[in-house]
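Welcome! Please take a look at the sequence and the 3D model below, and keep both at hand for a few short exercises.

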Amino acid sequence: MRSTIALSHDLGFRVVAEGVEDEVTEQLLRDLGADQAQGYRWTRPLPADDFVAWWTARRANVRQSESPG
């Protein structure tokens, strides 16, 4: 896996790990150099309108956690 990620970077690509289902796998892939990840760890596939609602709520939660106080 490490060599695949390194080869991709050497060729100028960013690496998106797909099918990530848990925090342990996410951390392993980040430690190996994956640039991004996607999978059931965050959400199951959603219709477009549901995704927009999910993303909007997620961003609102991130902003609240970043606010001082």
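The exercises below walk through this predicted model, each with a worked solution.

**Exercise 1.** Find where serine 8 sits, then work out which residues it touches beyond its neighbours in sequence.

*Solution.* Start with the helix: serine 8 belongs to H1, which covers residues 2-10. Next, follow the side chain of serine 8, where a polar atom lies 2.9 Å from the backbone oxygen of threonine 4. Finally, leave out residues up to four places away in sequence, and serine 8 touches Phe13 and Val15.

**Exercise 2.** Locate aspartate 22 and decide whether aspartate 22 is buried, partly exposed or exposed.

*Solution.* Aspartate 22 is in the loop that links strand E1 (16-17) to helix H2 (23-31). Its relative accessibility is 36%. Buried means under 20% and exposed means over 50%, so aspartate 22 counts as partly exposed. As a last step, look at its side chain, which reaches the backbone nitrogen of valine 24 at 3.2 Å.

**Exercise 3.** How far apart are aspartate 22 and aspartate 49, in sequence and in space?

*Solution.* Along the sequence, the two are 27 residues apart. In space, the distance from C-alpha to C-alpha is 25 Å.

**Exercise 4.** Place phenylalanine 51 in its helix and name the surface patch that includes Phe51.

*Solution.* Phenylalanine 51 is part of helix H3, residues 48-66. With a relative accessible area of 40%, phenylalanine 51 is partly exposed. Phe51 joins Leu46, Val52 and Trp55 in a nonpolar surface patch. Together, these residues have about 370 Å² of accessible area.

Notes:
Residues numbered from 1 in each chain as written. Predicted model: local features only at pLDDT ≥ 70, side-chain atom pairs only at ≥ 80, totals over all residues. Heavy atoms only, no water. Helix = DSSP H or I, 4+ residues; strand = E, 2+ residues; numbered from the N terminus. Polar contact = N/O pair within 3.5 Å; in protein donor to acceptor, adjacent residues only side chain to side chain. Contact = heavy atoms within 4.5 Å. Patch = residues over 30% accessible without salt bridge, like charges linked within 9 Å, V, L, I, M, F, W, Y side chains within 5 Å. Areas by Shrake-Rupley, 256 points an atom, 1.4 Å probe, with all protein chains shown as cover. Salt bridge = Lys/Arg side-chain N within 4 Å of Asp/Glu carboxyl O. Buried < 20%, exposed > 50% of the residue type's maximum accessible area, 1.4 Å probe, protein only.
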